[in-house]
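Work through the exercises below with the sequence and the model at hand. Each task is followed by a solution in steps.

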Amino acid sequence: MTAITPQDRDQVAYVHSVSSYSDKEKSAIATDIISVSGDSEGKLEPVQFINTDEPFPESPDAPVEEQQLTVRAVLVGCILGGIIAASNIYLGLKTGWTFGSSLFGAILGFAILKPLSRSAPTFLGGGYFGPKENNICQSAATSAGSLGLLFTSGFPAAYQLGLLSVHPKDDFARLITFTICCAFFGLSFTQPLRKFYILKLKLVFPSGVAAAYTIHSLHVGKNAEATARKKTKALVYAFIFAIVLRVVSEYAPGMLWDWHIFYALNRIGWRSAIAVESWGWIWEWTPAFIGVGMLTGINASYSFLGGSFLAWAILGPIIVAKGLAFGSVANPSIPGYMNYMGMSLTDPIHHPSPRYWLLWPGTLMLLCASFAEVGCNWKSLYAGMRSACGTLLQRFSKDNVEDDSFDPVPEHERVPFWAWGSLLVLSTIITCVVMAVQFGQNVGVTLLAILFSFLFSFIGCESAGRTNINPVTSIGNASQLIFGGLGKGQNYAVKRGELLNLLSGMLTLGSAEQAAHMIGDLKTTHLLRASPKAVFVAQLFGAVVSIFVSAGLYVVFSTAYPCINDLNHTTCAFPTPDVQSWRAVAVAVSSSTLPIPPTSGYAAIALGLAAVFSVVAKYTVVPPKYHDFIPNFNCHWNWVYHEHLHVPSGNVFRIDSSIFLEKECSLTTTKCIALLLPRAFLQEKVSVVS
């Protein structure tokens with residue numbers, strides 16, 4: 001174990017906690033969570049074992065936080081959540097991945113509120129600002145940015161299939177009401193799951209633990225002020241760098257942003273190089289992807305690159321050469337310059353584009369890999385559902401059964417059953433009314449969707465608690481398969497079946513996504529000894545903000561980039577990988593005949609089996625220390641869908657910056673979060689103006 005000096009013991013409590021994790025597992029997890037203690041030179045040392053279970057000891061020198069839930073913390077948190085929501089919608093449409101707001105809300109919330117607490121009078125937001133109030137700000141930010149995935153998956157798929165109005169702004173009221181249906185289920189589900197996953201199983205929730213240590217380091221210890229200044233400066237400098245680069249690159253796109261290397265080689269005489277350009281191999285200097293690379297691990301990084309190479313350097317050229325897929329001429333004046341990214345559905349079986357042909361192998365890889373992961377972990381999932389449901393049923397049992405999990409939170413700071421229970425009942429009623437009146441869905445099917453939302457929330461929380469990954473796309477696609485069968489049993493028309501399939505899947509998706517984010521914040525709350533009741537209220541306000549922010553941002557993005565919702569565009573700045581899988585599953589389960597080219601179906605089966613064998617081998621044959629070398633087929637799937645503009649640079653930076661992150665301190669996390677933010681706003685502003 002790494003030695004620590006007595007001076008640093010007030011910053012990090014190194015204890016061996018009793019939990020569901022072995023020391024070996026904790027050691028592996030600890031490599032991603034960096035010690036917040038530092039020496040006088042500012043060097044940070046990695047640790048092997050950290051406290052992930054027991055609340056931090058309270059500092060005897062810290063003032064008592066009489067008010068954790070404050071207007072300033074909730075307001076700043078909601079604003080920061082809106083910013084991260086814009087970034088997540090951008091990244092979701094671009095890459096299929098989104099990121100939580102915990103660290104961003106914690107660090108930038110501190111940077112805003114700490115100076116305000118010292119300089120402003122009390123009636124304008126002054127007064128002591130401590131770690132528990134910082135947790136409130138962070139939780140509000142997470143909640144306010146938690147629903148963006150709805151608008152990077154199911155809704156664009158519905159518009160691409162012509163199931164709603166021509167433009168999202170014409171459906172703004174319906175977007176708002178449906179988002180309301182999804183906004184509070186996850187928040188309700190986390191309250192009974194908190195006791196099971198945090199207090200009983202003691203799952204790690206790496207993001208929640210990292211946020212707790214970050215907040216603790218900003219407020220407690222002799223070096224807290226210096227640490228806070230460093231992290232704030234890193235965030236601001238990275239943010240400014242990304243803004244400046246994006247603005248300046250608009251005036252020199254071929255030099256500062258995207259490098260069409262093979263197009264240039266074609267122009268100077270290497271004629272065959274245009275074929276590489278046609279397949280989308282272009283270098284793009286995007287801060288968003290550099291930041292994503294810093295946040296993702298090495299396994300996901302090389303799996304992204306491998307998926308790109310598999311799709312656009314191997315399978316794509318082969319199926320075109322064999323006459324199994326067809327491109328269109330991109331520029332008649334340049335011989336051999338083709339567009340292979342079209343998604344026209346005029347004759348998808350006999351005359352598919354390479355992108356459409358690859359859609360089905362990609363989707364089946366995703367589903368097979370995800371279900372194999374669930375199958376290999378069925379024992380823990382079954383035990384989790386059984387225990388949590390048993391705990392819930394104890395409330396209605398006449399027998400006074402003793403609960404064996406100790407809750408360190410005082411009774412007056414816990415969320416009472418009537419609070420989250422009434423929220424759940426009210427959300428259920430509103431959802432049934434909205435789905436029946438606006439979309440014509442049977443109440444029984446809606447109730448079943450809510451039930452599956454709760455069950456799939458187990459999978460999301462279990463996965464996030466153990467691996468820090470919430471497989472929400474897999475959860476959404478799995479629910480689509482279930483409700484596709486129900487739709488056929490109801491004899492719905494094809495279009496209506498597709499719409500209700502997407503809506504039911506999004507109900508499950510939104511609940512599972514929000515539940516995993518919220519329970520991660522409750523892990524932070526647990527470690528900081530903050531009030532779950534105060535956090536619950538902050539999350540309620542954040543959820544309300546998320547309803548309007550997420551829907552509004554989607555309308556803005558759709559206005560700036562009509563290609564997001566229209567398949568008639570041959571190229572688009574947003575590849576929308578999640579959207580394509582949602583659309584594919586909705587079409588497949590609702591159509592009377594499968595619109596899949598036979599050769600694409602055979603390839604899908606082969607790659608799906610490869611994904612299953614890979615996951616099973618990881619859990620049965622390969623030692624845990626070699627798991628990073630097992631390809632992640634979920635990432636392979638993601639990059640099968642991507643167009644050109646950014647494929648090589650995004651993947652290379654993922655690998656380079658992931659390796660870099662293994663050697664750097666938590667300050668790097670601050671920098672990489674900042675890199676993700678400006679592009680979303682500036683891209684929209686520049687595009688709308690032009």
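A residue counts as buried under 20% relative accessible area, as exposed over 50%, and as partly exposed in between. The model is predicted.

**Exercise 1. Classify R529 by its accessible area and describe its backbone.**

Step 1. Find the residue: R529 sits in the loop that links α20 and α21.

Step 2. Apply the cut-offs. The relative accessible area of R529 is 35%, so R529 is partly exposed.

Step 3. Look at the backbone. R529 is not a glycine, yet its phi is positive, about 60°.

**Exercise 2. Summarise the protein chain as a whole: how many helices and strands does it have, and what share of its residues is buried?**

Step 1. Count the elements: the chain has 27 helices and six strands.

Step 2. Take the burial. Of the 690 residues in the chain, 58% are buried.

Step 3. Turn to the contacts between residues at least 6 apart in sequence. Of these, 83% join residues at least 24 apart.

**Exercise 3. Compare the end-to-end distance of α8, α2 and α9 with the span expected at 1.5 Å a residue.**

Step 1. The expected span is 1.5 Å times one less than the number of residues.

Step 2. Helix α8 covers residues 206-219, which is 14 residues, so it should span 20 Å. Its end C-alpha atoms are 20 Å apart, in agreement.

Step 3. Helix α2, residues 71-95, has 25 residues; 36 Å is expected and the helix reaches 35 Å, which is close.

Step 4. Helix α9, residues 224-249, has 26 residues and reaches 37 Å, close to the expected 38 Å.

**Exercise 4. For these three helices, state which residues or how many are buried.**

Step 1. In α8, 13 of the 14 residues are buried, so this helix is largely enclosed by the rest of the structure.

Step 2. In α2, 21 of the 25 residues are buried, and the helix is mostly covered. The residue that follows α2 is G96, with a positive phi near 85°.

Step 3. In α9, the buried residues are A224, T227, A228, K231, A234, L235, A238, A242, L245, R246 and S249.

**Exercise 5. Describe the largest nonpolar core: which residues touch the most other members, and which helices supply it?**

Step 1. Start from a general point: in soluble globular proteins, nonpolar side chains tend to be buried together.

Step 2. The largest nonpolar core has 55 residues, and L150, F155, L175, F178, F439, L502 and L503 touch the most other members.

Step 3. Helices that each supply at least two residues of this core are α5, α6, α17, α18, α19, α20, α21 and α22. The most, nine residues, come from α20.

Step 4. Another core lies apart from this one; it has 41 residues, including V74, F104, F196 and A228.

**Exercise 6. Trace the surroundings of L502, L503 and C181, leaving out residues up to four places away in sequence.**

Step 1. L502 touches G154, A157, A158, L161, L163, Q480, W582 and A586.

Step 2. L503 lies in α20 and touches F178, M435 and F439. With a relative accessible area of 2%, L503 is buried. From L503 to F483 there are 20 residues in sequence and 9.8 Å in space, C-alpha to C-alpha.

Step 3. C181 belongs to helix α6. Its relative accessible area is 1%, so C181 is buried. The residues C181 touches are I430, T431, V434 and L507.

Step 4. C181 and M435 are 254 residues apart in sequence, while their C-alpha atoms are 8.8 Å apart.

**Exercise 7. Characterise the second largest cavity: what is its volume, and which residues line it?**

Step 1. The structure has four cavities of 30 Å³ or more. The second largest has a volume of about 60 Å³.

Step 2. Its lining consists of Q441, V445, F483, L486, G487, Y492, G497, L500, N501 and S504.

Step 3. Assign the lining to helices. α19 and α20 each supply at least two residues, and α20 gives the largest share, four residues.

Step 4. Sort the lining by class: five residues are nonpolar, five are polar and none is charged.

Terms used:
Residues numbered from 1 in each chain as written. Predicted model: local features only at pLDDT ≥ 70, side-chain atom pairs only at ≥ 80, totals over all residues. Heavy atoms only, no water. Core = buried A, V, L, I, M, F, W, Y, C linked by side-chain atoms within 4.5 Å. Buried < 20%, exposed > 50% of the residue type's maximum accessible area, 1.4 Å probe, protein only. Contact = heavy atoms within 4.5 Å. 1 Å grid on protein atoms, 1.4 Å probe; cavity = no way out; pocket = protein on both sides within 12 Å on 5 of 7 lines; lining within 4 Å. Points joined across faces, edges and corners; volume = space filled by probe spheres on them. Nonpolar A, V, L, I, M, F, W, Y, C, P; charged D, E, K, R; others polar.
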